[in-house]
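Below are some comments on the model, set out as numbered points. They deal with charged side chains, aromatic rings, cysteines and one strand residue.

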Amino acid sequence: MGTVHCIRERRGDFEFLVNNQYTGEKNVVIVDPDKYDLFLDARIFVDHPEACPFMRYHPKDRLAYCTVHLTRPEICRDYGCWRMLIVNFRGKRAGRVMYQRTFFSDDDDLSRLWKECIDDLDEPDDTVWDSVVIGILTKAGYSVKM
């Protein structure tokens with residue numbers, strides 16, 4: 001997304017006006033308060049110079065995070081790149097796992113379940129990890145699409 005979004009203006013320490021290079025659409029984004037420190041670590045651009053200006057790797061777990069997730073532009077909200085789609089009992093998207101194990105959700109119950117039961121899973125094998133996660137999620141009433 002680094003070739004799509006360009007920072008046009010900094011409006012404060014953690015607020016930016018971004019421009020979609022393809023559509024010309026402009027959006028104000030604000031770094032999520034819980035991701036300030038992560039945003040300040042710009043080492044991602046050493047290896048990935050065209051990364052989205054708001055994507056960061058967490059130095060401890062090396063997972064990728066969108067630092068403006070709460071105010072991200074609509075194109076980012078619609079971007080369907082995921083390796084695991086989590087659907088609630090109503091059939092509505094509740095969360096996604098992207099990249100290797102990066103979790104995104106707007107569902108408070110799913111976020112709580114993830115934090116309590118999945119965040120600390122120490123399983124190096126992705127196939128086994130997927131199986132354990134799917135078991136936890138389905139037991140809690142969610143369904144998973146791969």
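1. Salt-bridge network. Asp32, Asp34 and Lys35 are linked in a network of salt bridges. The model is a predicted one, and the distances given here are computed from its atoms. Within this network, Lys35 bridges to Asp32 with the closest N and O atoms 3.0 Å apart, and to Asp34 with the closest N and O atoms 3.5 Å apart.

2. Burial within the network. Is Asp34 buried or exposed? Asp34 has a relative accessible area of 65%, which is over the 50% cut-off, so Asp34 is exposed. Asp32 and Lys35, in contrast, are both buried. For Lys35 the relative accessibility is 14%, and Lys35 is classed as buried because this value is under 20%. The Asp32–Lys35 bridge therefore has two buried partners, while the Lys35–Asp34 bridge has a buried lysine and an exposed aspartate.

3. Other salt bridges. Searching the whole structure gives seven salt bridges. One of them joins Arg43 to Asp41, with 2.4 Å between the closest N and O atoms. Here the arginine is the exposed partner, as Arg43 has 55% relative accessibility. Asp41 counts as buried, at 18%; the cut-off for that class is under 20%.

4. Aromatic pairs. The search of the whole structure also finds seven aromatic pairs. Among them is Phe14 with Phe39: the ring centres are 6.2 Å apart and the planes stand at 70°, so this pair is edge-to-face. The angle qualifies because edge-to-face requires planes over 60 degrees apart. Phe14 sits in the loop between β1 (5–10) and β2, and Phe39 belongs to helix α1 (residues 36–40), so the pair ties together parts that are 25 residues apart in sequence. Phe14 and Phe39 are both buried.

5. Aromatic cluster. Which residues form one aromatic cluster with Phe14 and Phe39? The other members are Phe16, Tyr36 and Phe54. The edge-to-face pair of point 4 thus lies within this cluster.

6. Cysteines. How many disulfides does a search of the whole structure find? The count is zero. Cys6 is in no disulfide, and the nearest cysteine sulfur, that of Cys52, is 11 Å away. Cys6 is partly exposed, at a relative accessible area of 24%. For Cys66 the closest cysteine sulfur is again in Cys52, at 6.2 Å. That distance is too far for a bond, because a disulfide needs the sulfur atoms within 2.5 Å. Cys66 counts as buried, with 13% relative accessibility.

7. Asn19. This residue is found in strand β2 (residues 15–20). Asn19 has a relative accessibility of 8% and so counts as buried. The side chain of Asn19 makes a polar contact of 3.1 Å with the side chain of Gln21. Which residues does Asn19 contact once its neighbours within four places in sequence are left aside? They are Val4, His5, Cys6, Arg8, Gly24, Glu25 and Lys26. This list includes Cys6, the partly exposed cysteine of point 6.

Notes:
Residues are numbered from 1 along each chain as its sequence is written. This is a predicted model: local features need pLDDT of at least 70, side-chain atom pairs count only at pLDDT 80 or more; totals for chains, interfaces and linings use all residues. Side-chain values use heavy atoms; hydrogens and water are left out. Helices (H or I, at least four residues) and strands (E, at least two) are DSSP runs, numbered from the N terminus. Buried means under 20% relative accessible area, exposed over 50%, partly exposed in between (1.4 Å probe, protein chains only). A polar contact is a pair of N or O atoms within 3.5 Å; within protein, one must be able to donate a hydrogen and the other to accept it, and residues adjacent in sequence count only if both atoms are side-chain atoms. Contact means heavy atoms within 4.5 Å. Rings of Phe, Tyr and Trp (its six-membered ring) pair if their centres lie within 6.5 Å; planes under 30 degrees apart count as stacked, over 60 as edge-to-face and the rest as tilted. A salt bridge is a side-chain nitrogen of Lys or Arg within 4 Å of a carboxyl oxygen of Asp or Glu.
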